[in-house]
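Please take the sequence and the structure together, and follow the paragraphs below from one group of residues to the next.

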Amino acid sequence: MKKIAVFTSGTDAPGMNACIRAAVRSANYYGLKTYGILRGYEGMINGDIIEMDDLSVSNIIQKGGTILKCSGSSAFKTKEGRLKAYENLKEHGIDGLIAIGGNGTFKGAEVFYNEFKVPCVGIPATIDNNLVGTDFTIGYDTAVNTALNAIDRLRDTADSHERVFFIEVMGRDTGFIAIWSAIAGGADLAILPERKKSIHEIAQIFKHNPKNTSPSHIIIVAEETDVNRAQVVADEVQKFLPELDTRVSTLGHIQRGGEPSAADRVLACQLGLGAVEGLLSGKKNDMVGIINENIHYTPFSICTTKKKPIKKEILKMIDILSGKHHSYSLNVN
Ligand code: F6P
């Protein structure tokens, strides 16, 4: 292996730049010529390929977003698109890839490897932390801290006005951001896809905690596709308990931006180096991750199909520590 290319794909995550830097510098350390592909698979198809060296990744470790940009690519889902991508890689003599992204990125990488046999190591970077094969994904820690910062501020105003705040956080179809930010933020409830409870049961919590004994509440709600889930929950609860003064706050894409935390930067450095060393040791269709502080390589086929569970102990913790003995999820249409 002499020439490799690095790209970021799917949605961005804080720490991607630190990861690009680590991958490029590790590759240079091992004597590989390094390229960057702009806009993920789309750039691979369009030939947006640039040379990278140690200097081109200086002063980016602290920056959110990705200097290589990222996007989805419908063209890469077609055989013709992938062939074009392969031809562009061949033209540059690129014989290894480092794909920084999430589930969709690795699905694409797997198909591409099976067709064209260009070795690829994936690096998990998504705020959702929804990938097996690693304890944490790059960006998750920063996103949780961003959410937490907002929750702390909302708690101030919730307390002053004796209101119930329903705060919606991201996570795609998983509740990792929700459960961690709920625990760290001392929330009363976390409503997650991983736990199903009816709206009736959720409303009971307020009935059992009369307004004069616990006037302000923080309820963290994990997002759901195509609905403002926090608003739905708030509306339903309000129907049951019209006397509650409720507000909804949807944190949205703010969770994807900002300077990466120290934990995300260090993880990005470890995985960037681990990806290069993986490629050099013959890994070709795998994601690099860290489990119990050790580097692990897991086939894309596993990372893209297995669902990462939230540990039962973590779910239980919020029930105990909220003092309300309730942590519910939704099962309403
Ligand atoms: O995967 C990261 C993520 O931020 C999810 O938490 C969220 O559901 C999704 O991306 C939003 O995607 P988009 O930026 O395309 O709106």
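In this model, which is predicted, a careful walk can begin at Tyr 140, which counts as buried because its relative accessible area is 1%, a value under the 20% that marks the limit for buried residues. The ring of Tyr 140 is paired with that of Trp 180, and since the two planes stand at 65° while the centres are 5.7 Å apart, the pair is edge-to-face. Tyr 140 belongs to helix α5 (residues 140-161) and Trp 180 to helix α6 (residues 176-184), so this pair ties together parts of the chain that are 40 residues apart in sequence. The partner is less hidden from the probe by the protein: Trp 180 is partly exposed, because its relative accessibility is 36%, which falls between the limits of 20% and 50%.

The count of aromatic pairs comes to 11. Another of them joins Phe 76 and Phe 112, whose ring centres are 5.5 Å apart and whose planes meet at 45°, which makes the pair tilted. Here too distant parts of the chain are linked, for Phe 76 sits in the loop between β3 (49-52) and α3 (79-92), whereas Phe 112 sits in helix α4 (residues 103-116), with their positions 36 residues apart in sequence. Both Phe 76 and Phe 112 are buried, and both belong to one aromatic cluster that also takes in Phe 7, Tyr 41, Tyr 86 and Phe 116.

The loop between β3 and α3 also holds Asn 59, a residue that is not a glycine and yet has a positive phi of about 65°. Most residues other than glycine have a negative phi. Asn 59 counts as exposed, because its relative accessibility is 53%. A positive phi, of about 55°, is likewise found at Asn 129, again not a glycine, and this residue lies in the loop between β5 (120-124) and α5. Is Asn 129 buried or exposed? With a relative accessibility of 2%, Asn 129 counts as buried.

The residue just before it in the numbering, Asp 128, leads to the ligand, whose surrounding residues include Asp 128, Thr 126, Ile 127, Arg 172, Glu 223 and His 253. The shell around the ligand divides into two nonpolar, four polar and four charged residues. An N or O atom in the side chain of Asp 128 is 2.6 Å from an oxygen atom of the ligand, while a polar side-chain atom of Arg 172 lies 2.9 Å from a ligand oxygen, and one of Glu 223 lies 2.5 Å from a ligand oxygen. Taken alone, the ligand exposes 400 Å², and the protein buries 73% of that area.

What of the cysteines, and how many disulfides does the structure hold? There are zero disulfides. For Cys 19, the nearest cysteine sulfur is that of Cys 269, 8.3 Å away, and because a disulfide requires sulfur atoms within 2.5 Å, Cys 19 is in no disulfide. Cys 269 is likewise in none. Cys 19 is buried, with a relative accessible area of 0%, whereas Cys 269, at 27%, counts as partly exposed.

A last look may return to strand β3, where Ile 50 lies. Ile 50 is partly exposed, because its relative accessibility is 35%. From Ile 50 to Gln 238 the separation is 188 residues in sequence and 55 Å in space, taken from C-alpha to C-alpha.

How values were computed. Residues numbered from 1 in each chain as written. Predicted model: local features only at pLDDT ≥ 70, side-chain atom pairs only at ≥ 80, totals over all residues. Heavy atoms only, no water. Buried < 20%, exposed > 50% of the residue type's maximum accessible area, 1.4 Å probe, protein only. Near = heavy atom within 4 Å. Polar contact = N/O pair within 3.5 Å; in protein donor to acceptor, adjacent residues only side chain to side chain. Areas by Shrake-Rupley, 256 points an atom, 1.4 Å probe, with all protein chains shown as cover. Nonpolar A, V, L, I, M, F, W, Y, C, P; charged D, E, K, R; others polar. Phe/Tyr/Trp six-rings, centres within 6.5 Å; stacked < 30°, edge-to-face > 60°. Helix = DSSP H or I, 4+ residues; strand = E, 2+ residues; numbered from the N terminus.
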